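You asked for a note on this structure that a newcomer could read alongside the sequence and the model. The points below are meant to be followed with both in view.

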Amino acid sequence: MRTRFLWILAILALVAIGFLMACSTKYSASSNGLVVVPSQGYAAMETFSLDLSNGHLSQINNGNGPPTNGLPTSVILDPAGAFAYVIVYQNPAVIGSVTGIQTFQVASDGKLAPIATTPMTNPVAIAMDSAGKFLFVANGNEGTVSVFSIGSNASLNGVGGATLPPQPGGQSPSASALAVTPTVFPPLYAYCSGFTPPAFTPPTTEILYVTDSVNYVLLDYSVSSTGSLTPIPSQPTGVPTGTSPAGVAVDPCNRFAYVTNGKSNNVSAYTICSVVSQSCQQADYSLQAVANYPAGDVPGPLAVDPYGNSLYVVNTGSNNLSGYQISPTNGTLTAFSGAPVATNSGPNSIAIRSDDTWIFVANFNSGTLSQYAITPRPGVLTVEPVITTFNQPTGVAVK
């Protein structure tokens, strides 16, 4: 009897070891991608190792966490993939929670460790410049943008910001989304149409674009070397968008900006005037409207691929992902054949890996990530198997 009992214990031990090995995936920053997902259902962060050879995701054992200091929403990674920044909201269900920006360090094994939380009142969107020097935060119905310089160990130090201007006959502004033009470019920048490396020199001017979801405008600010914001003089009150702008993105080639309009169900395209041309009278990074293009129901998050060839839009109301080819000459959009492609229920965020291979969309209602393989040029998508996450994922970032 005792021998039989010992055999049972041995089998259980082997099963436990196997379970732990299945839950604890090996990750190497030099050979794997990393996907980071915040979860409101668990009030925690989750990380996955991305197999670059086939796109398979494996959960990294974070010990059911780490926990967030509030209910998390949007997440971004710094350019090196060394730190994650997450918007968190105070909630009675999370003991000791606060509203603000929480930072996490990414360890060499892909696990996250909380560092600090910077209190704020109403952060709704975050963005970082391509050099990893500044963090920009849109503060919702406060109608403001905050700017933080990023110090050692991801510390955040306030260096200024801006109050969105009142519009003639308009309402109090509400900052809903933001995007910043790049000054540091990845190797794929060489594929931007119209440039032949090494002749092209990345710009030193940095511009922040901010949507006002109440007055339906897109505003533009120049960013100084210290992080202060100055409105573009030729467009002090911005340019019109569609109804209820919800997201903004700039292409990596610094040519065009795109805005999703949640109530008019379309995408507004703009030329960024970085050089004088027939449509741009000044090279001041002001915006010239191109056209509006149909999208799905309640379009929100959007992203341009690293080649600057394709735009992808998450339609939060119709649970699908629209894809468009970008004209390199004027920024016009042409919908891909077969688009949109389905997501799962409640899509709320999108991330594209910097090598232009994979797209991920977090689905709040279904507790999943939708994954798509990209065929660069023209950028069409192949639907991959859905990945199960913690409950209620609210964002996604990929390295």
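The numbered points that follow begin with the whole chain and then turn to individual sheets, cores and residues.

1. The model is a predicted one, and its secondary structure comes to one helix and 31 strands. Of the 399 residues in the protein, 53% are buried, while the exposed surface comes to about 16800 Å², with carbon and sulfur atoms supplying 56% of it. When contacts between residues at least 6 apart in sequence are considered, 50% of them join residues at least 24 apart.

2. One open sheet is made of four strands in the order β3-β2-β1-β31, and the pairing in this sheet is antiparallel. Its edges are taken by β3 (57–60) and β31 (397–398), and because each has a single partner strand, one side of each is left without a neighbour in the sheet. Within this sheet, β2 (residues 44–51) pairs with β3 in the antiparallel sense over four bridges, and Phe 48 has Gln 59 in β3 as its bridge partner.

3. Further along the chain, β4 (residues 71–77) and β5 pair in the antiparallel sense over five bridges, with Leu 77 standing opposite Ala 84 in β5. The two strands form a hairpin with five residues between them, and Gly 81 in the turn has a positive phi of about 70°. How is β5 joined to β6 (residues 100–106)? Six bridges connect these two strands, which run antiparallel, and Thr 103 in β6 is the bridge partner of Tyr 85. As for cover, six of the seven residues of β5 (residues 83–89) are buried, so that the strand may be described as mostly covered.

4. Which residues have the most contacts inside the largest nonpolar core? That core has 19 residues, and the ones with the most contacts inside it are Phe 136, Leu 178, Leu 208, Val 210 and Leu 229. At least two residues of this core are supplied by each of β8 (125–128), β9 (134–138), β10 (144–150), β12 (175–180), β13 (206–212) and β14 (217–223), and β14 gives the most, with four residues. Apart from this core lies another, of 15 residues, among them Ala 177, Ile 207, Tyr 209 and Tyr 270.

5. Phe 136 deserves a separate look. Leaving out residues up to four places away in sequence, Phe 136 touches a set of residues that includes Ala 125, Ile 126, Ala 127, Ser 146, Val 147, Leu 178, Val 180, Leu 208, Val 223 and Leu 229. Asp 129 and Glu 206 are also among the residues that Phe 136 touches.

6. A second open sheet to examine has four strands in the order β17-β18-β19-β20, and the pairing here is antiparallel. Because β17 (245–250) and β20 (287–294) stand at the edges with a single partner strand each, one side of each is left without a neighbour in the sheet. From one strand to the next, the twist averages 20°. Between β18 (residues 256–261) and β19 (residues 266–272) the antiparallel pairing extends over six bridges, and Asn 261 stands opposite Asn 266 in β19.

7. Thr 271 is found in β19, and with a relative accessible area of 16% this residue is buried. Leaving out residues up to four places away in sequence, Thr 271 touches Arg 255, Phe 256, Cys 280, Ser 286, Leu 287, Gln 288, Val 290 and Asn 330.

8. Cys 280, one of the residues that Thr 271 touches, forms a disulfide with Cys 273, and the sulfur atoms of the pair are 2.0 Å apart. A search of the whole structure finds one disulfide. The torsion about the S-S bond of Cys 273 and Cys 280 is about -75°, and the disulfide is therefore left-handed. Are these cysteines buried or exposed? Cys 273 is buried, and Cys 280 is buried as well.

9. The last residue to consider is Gly 300, whose place is in β21 (residues 299–304). With a relative accessibility of 6%, Gly 300 counts as buried. Leaving out residues up to four places away in sequence, Gly 300 touches Ala 246, Gly 247, Thr 260, Val 314 and Thr 316. Gly 300 and Pro 347 are 47 residues apart along the chain, and their C-alpha atoms are separated by 9.3 Å.

Technical notes
Residues numbered from 1 in each chain as written. Predicted model: local features only at pLDDT ≥ 70, side-chain atom pairs only at ≥ 80, totals over all residues. Heavy atoms only, no water. Pairing = 2+ DSSP bridges. Axes fitted to C-alpha atoms, helices over the stretch in contact; angles between N-to-C directions. Buried < 20%, exposed > 50% of the residue type's maximum accessible area, 1.4 Å probe, protein only. Core = buried A, V, L, I, M, F, W, Y, C linked by side-chain atoms within 4.5 Å. Contact = heavy atoms within 4.5 Å. Areas by Shrake-Rupley, 256 points an atom, 1.4 Å probe, with all protein chains shown as cover. Disulfide = S-S within 2.5 Å.
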